[in-house]
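Thank you all for coming. Please take a moment with the sequence and the model before I begin, and keep both in view while I talk.

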Amino acid sequence: MRVLVRRCWGSRPVGGGPSGRPIPQWRALAGLGGSPGGEDGRAVRVREKPPWRVLFFGTDHFARETLRALHAARENKEEELIEKLEVVTVPSPSPKGLPVKQYAVQSQLPVYEWPDVGSGEYDVGVVASFGRLLSEALIFKFPYGVLNVHPSCLPRWRGPAPVIHTVLHGDTVTGVTIMQIRPNRFDVGPILKQETVPVPPKSTAKELEAVLSRLGADMLISVLKNLPESLSNGRQQPAEGVTHAPKISAGTSCIKWEEQTSEQIIRLHRAIGTIIPLQTLWMDNTIKLLDLVEVNSSVLTDPKLRGQPVFPGSVIYHKKSQILLVCCKDGWIGVRSVMLKKTLTAPDFYNGYLHPWYQNDSQAQPSQCRFQTLRLPTKKKQGKKCNSALSS
């Protein structure tokens, strides 16, 4: 069954439109108004049940999993959940394009590059890791509004990098929230569905993102199966427990040996190491630490380590375990490989740089041969930033 209504573009106070007509339920939940009638006065058909016409907004691997689920639902002719599916992504410097565009092209889905959103008619919009604010006028083009698949338990970790901050801060529980977008603001709309999952021990942000992407895709399909009911049962986010997940700059990858604990450095590596390797300074050269590990207690009790004067940043090669031991604020971390002029294993670094240095200066103190905090310039923006899933 379909009913004939007019598309809503403008805004009115919540509680009623012209002539006292009620604002649609989803707009009331989102704190929005809306007046019937488009700029051209056209009437559009709004569906009360599936199949839906969907416009999807996304960019990265997290978003691609949501798009994959929508496409699978569109191909499933028995269930008839999705009738029409089109895609909006952002321009990419890569010739291949972003993961969402790659998938859309392979699946022969229509693709638009932001700010182009096409001119078709849709029932609902879906956003996953898009990183762009949607205007009120755009949101009001969708009779059922725009849904967002966000990889955190909102209101915790609002912002573009929730998965990174989940790992960085050592959260033991996370989840996915299906919420409704409000104009010109990130991650503050009503919650339609929310599920929690434990954070696997020692998981990286990339690994956790993969888990949450699958969960979020399944949750979105569940919401779309009962869309009007899901919207009517939406709940406002609590005012307590709000935290923010801003983008991570290249400066965050610079280890502060005197200030950061071994646990903090390992968490930082798991959070951003696959995007921006952790960096430090060695003999006036920038060196990237590619593979960091926790140090086994048996290594720390090695008699060869005892009695040596050490300082934050001190580097000692542990031959038996073939790792570099680096002293930090409260203990040690292990490094298996680094990048100086090229990628080097810990034994390579020891044989090519560390051991010859000690041989050439046998009177050198360990305090001289150590990693030091790399200070990046602050006047100019540094490199690319880590968005994640990681964004919303």
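Let me start with a question: which backbone nitrogen lies 3.5 Å from a polar atom of the side chain of His269? That nitrogen belongs to Leu292, and I should say at once that the model we are looking at is a predicted one.

His269 sits in helix α8, and with a relative accessibility of 14% the residue counts as buried, because the cut-off for that label is under 20%. If we set aside the neighbours within four places in sequence, His269 is in contact with Leu278, Leu290, Asp291 and Leu292. There is also Ser253, which is 16 residues away from His269 in sequence and 8.3 Å away in space, counted from C-alpha to C-alpha.

The next residue I would like you to find is Arg270, which belongs to helix α8 as well, a helix that spans residues 262-272. Arg270 has a relative accessible area of 19%, and since the limit is under 20%, this arginine is still classed as buried. Apart from its neighbours within four places in sequence, Arg270 is in contact with Val167, Lys202, Ser203, Thr204, Ala205 and Glu294.

Taking helix α8 as a whole, we find that it is mostly covered, with nine of its 11 residues buried. Among these buried residues are Ser262, Ile265, Ile266, Arg267 and Leu268, and the list also includes His269 and Arg270, which we have just discussed. As for what covers them, the cover includes two helices, α5 (162-168) and α6 (205-225), together with the strands β10 (278-282), β11 (285-293) and β14 (332-339).

Helix α6 brings us to the packing of helices. In general, two packed helices are described by the angle between their axes and the distance between the axes. For α2 and α6, the axes come within 8 Å and cross at roughly 35°, and the crossing is right-handed. On the α2 side, the residues that make this contact include His61, Phe62, Glu65 and Thr66, while those on the α6 side include Glu209, Leu212, Ser213 and Arg214. Sorted by class, the contact of α2 with α6 has nine nonpolar, three polar and three charged residues.

Helix α2, residues 61-75, also packs against helix α3, residues 99-106, and here the axes come within 8 Å and cross at roughly 25°. Angles under 35 degrees count as roughly parallel, and α2 and α3 are therefore described in that way. This crossing, too, is right-handed. The residues that meet are His61, Ala63, Arg64, Leu67, Arg68 and His71 from α2 and Pro99, Val100, Tyr103 and Ala104 from α3, and they divide into six nonpolar, two polar and two charged.

One further residue deserves a look, namely Asn148, which is found in strand β7, residues 146-150. Asn148 is buried, with a relative accessible area of 1%, and its side chain is joined to the side chain of Asp187 by a polar contact of 3.4 Å.

Let me finish with the chain as a whole. The protein chain contains 10 helices and 15 strands, and buried residues make up 52% of its 392 residues. Finally, among the contacts with a separation of 6 or more, 70% are accounted for by residues 24 or more positions apart.

Methods:
Residues are numbered from 1 along each chain as its sequence is written. This is a predicted model: local features need pLDDT of at least 70, side-chain atom pairs count only at pLDDT 80 or more; totals for chains, interfaces and linings use all residues. Side-chain values use heavy atoms; hydrogens and water are left out. Helices (H or I, at least four residues) and strands (E, at least two) are DSSP runs, numbered from the N terminus. Buried means under 20% relative accessible area, exposed over 50%, partly exposed in between (1.4 Å probe, protein chains only). A polar contact is a pair of N or O atoms within 3.5 Å; within protein, one must be able to donate a hydrogen and the other to accept it, and residues adjacent in sequence count only if both atoms are side-chain atoms. Axes are lines fitted to C-alpha atoms, for helices over the stretch in contact, and angles run from 0 to 180 degrees between N-to-C directions. Angles under 35 degrees count as roughly parallel, over 145 as roughly antiparallel, 65 to 115 as roughly perpendicular and the rest as oblique. A crossing is left-handed if the near helix is turned anticlockwise from the far one by less than a right angle, and right-handed if clockwise. Contact means heavy atoms within 4.5 Å. Ala, Val, Leu, Ile, Met, Phe, Trp, Tyr, Cys and Pro count as nonpolar, Asp, Glu, Lys and Arg as charged, and the others, Gly among them, as polar.
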